[in-house]
Amino acid sequence: MLTLQKRILKENKTIKISGSKSISNRLLILNHIFLHFKIHNLSNSQDTQLLQKALESDSETIDIHHAGTAMRFLTSYLAIKEGKTTVLTGSDRMKQRPIKDLVSALRSLGAEIEYLENEGFPPLQITGKKIVKNSVSISANVSSQFITSLMLIGAKLENGIRINLEGEITSRPYLEMTRKILKELGIECQISDQLITVKPLSTKEHFISNERFTVESDWSSASYFYSLAAIGKRIINLQNFKSTSIQGDSVLQTIYCKYFGINTICESGEHLISLMPIYYFPHPKEINLNLNDAPDIAQTICVTATALKIPFHLTGLATLKVKETDRLEALKNELLKIGCRTEITDTEIKSVEFFETTENISIKTYNDHRMAMSFAPFALVKSITIENPEVVEKSYTQFWEDFDAITDTN
């Protein structure tokens, strides 16, 4: 339990956030496939550390705990490790997170993967083998990480890979992120409508053209500071960011400018951005957003809007039900504690009314790092207790230290 007494935001403080978890995890997989480049500013998140440890392990059993990205990326990676059999498992929650779409896609390519407990869910037994088939179909509206997992191994396959996407594509910017990383590292990849193609690298071409890759800092982690700036109306500076980014969550710049009056000022030479509040900004009557391309920032937006009592209606959130927890149900429960009654469906959340809370506020985190960090800025409104605050280690190890560095008690 961590009790945050009511805080005020300090003026003009600077925070340095570690490298993007999403970019870091993609690069780690590619580096272990091709082994020809160095990674700088790697994320220090628990998820990235777990993936790195798993990739370096010779054990017959790999436990990735709560790290969903690691589970999905390693499933494809281990499927092409010829002659090696591995049991890939995780936490109790991980064993409830579906992986059938990815496993079925890999099996259709010829991969040898078995479910050890419940059909469609981890743990998995994976026997690596040479994969020759190159055409696969997969649902595009479940998880972009399933698709990225296939894209990352594509250039290693003898005939490359053609991924046919079925249905509406969710989190498309994450697929574009993967494509751009592959391109920068010398791998030919194209995304055209519902088809992704990754060309194979011949034996003579098994190298990566870029010998050094510097990971930009994490935009989803930046979201909590946008929230602080919007509620606290003070300038915050963030290092190792660029206004143009391959991360989909960089859409924060547009969203927080339009709805919360936060301008993003970029000092390109220093890779520094400043979050500048527009004072006396007229808040909108309602926030209407489709977050299909950036669902991970939904929790932060909901808490920011609740703190400022701005009605909101967020759609495109189908993937939130299969994250670390059912994030829509968790949001409904915890927003109620800070004075916002909501309605949810399988794909959206809508505020119904705001009200004043008088009792002590204790936020349950459901083993979800984003629940802890997205609710923390509400401490600028009222004292708040965060249960299991250590969950932030999953993506942002230094979060509470950075939070303390830019806030102060009244």
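I161 stands opposite V198 in β12, and that is a handy place to start looking around this predicted model. The strands β10 and β12 run antiparallel here, joined by four bridges. On to the rest of the sheet they belong to.

**The four-stranded sheet**

The sheet is open, has mixed pairing, and lines up its four strands in the order β9-β10-β12-β11. At its edges sit β9 (135-139) and β11 (189-192), each pairing on one side only. Averaged over the sheet, and ignoring direction, neighbouring strands are turned by 15 degrees against each other.

Here is how the strands pair up:

| Strands | Sense | Bridges | Residues facing each other |
|---|---|---|---|
| β9 and β10 | parallel | five bridges | S137 and N164 |
| β10 and β12 | antiparallel | four bridges | I161 and V198 |
| β11 and β12 | antiparallel | four bridges | S192 and L195 |

β11 and β12 also make a hairpin, with two residues between them. In that turn you'll find D193, with a positive phi of about 55 degrees.

Two helices lie across these strands. Helix α4 (residues 100-109) crosses β9 and β10, and runs at about 165 degrees to β9. Helix α6 (residues 172-184) takes in β10, β11 and β12 (195-198), running at about 155 degrees to β11.

**Two cores**

Now for the nonpolar insides. In soluble globular proteins, nonpolar side chains tend to be buried together. In this model the largest nonpolar core has 68 residues, and those with the most contacts inside it are F225, L238, F260, L314 and L335. Helix α7 (residues 219-232) gives the most to this core: nine residues. A second, separate core has 66 residues, including I99, Y115, A140 and I196.

What does F225 touch, leaving aside residues up to four places away in sequence? The partners are I15, I17, I236, L238, L275, Y396, D402 and I406.

F260, another of the residues with the most contacts in the largest core, belongs to helix α8 (residues 252-260). In α8, the buried residues are L252, Q253, I255, Y256, Y259 and F260. And what covers them? The list includes α7, β15 (262-267), β17 (287-290) and α9 (298-307). After α8 comes G261, and its phi is positive, near 70 degrees.

**Rings meeting rings**

There are 11 aromatic pairs in the model. Take W219 and Y226: their ring centres are 6.3 Å apart and their planes sit at 35 degrees, so the pair counts as tilted. Both W219 and Y226 are buried.

Y396 and F399 meet in another way, edge-to-face, with 5.4 Å from centre to centre and 70 degrees between the planes. Are these two buried or exposed? Y396 is buried, with a relative accessible area of 4%, and F399 counts as buried too, at 1% relative accessibility.

Y396 and F399 also belong to one aromatic cluster, along with Y224, F225, W400 and F403. So F225 turns up twice, as a cluster member and among the residues with the most contacts in the largest core.

**A one-sided helix**

Some of those cluster names come back in helix α12 (residues 399-406), where F399, W400, D402, F403 and I406 are buried. Why are they on the same side of α12? They cover an arc of only 160 degrees around the axis, which puts them there together. Of these, D402 and I406 are among the residues that F225 touches.

Technical notes
Residues are numbered from 1 along each chain as its sequence is written. This is a predicted model: local features need pLDDT of at least 70, side-chain atom pairs count only at pLDDT 80 or more; totals for chains, interfaces and linings use all residues. Side-chain values use heavy atoms; hydrogens and water are left out. A nonpolar core is a set of buried Ala, Val, Leu, Ile, Met, Phe, Trp, Tyr and Cys residues joined through side-chain atoms within 4.5 Å. Buried means under 20% relative accessible area, exposed over 50%, partly exposed in between (1.4 Å probe, protein chains only). Contact means heavy atoms within 4.5 Å. Rings of Phe, Tyr and Trp (its six-membered ring) pair if their centres lie within 6.5 Å; planes under 30 degrees apart count as stacked, over 60 as edge-to-face and the rest as tilted. Two strands pair if DSSP finds at least two bridges between them. Axes are lines fitted to C-alpha atoms, for helices over the stretch in contact, and angles run from 0 to 180 degrees between N-to-C directions. The arc is that of the directions from the helix axis to the C-beta atoms.
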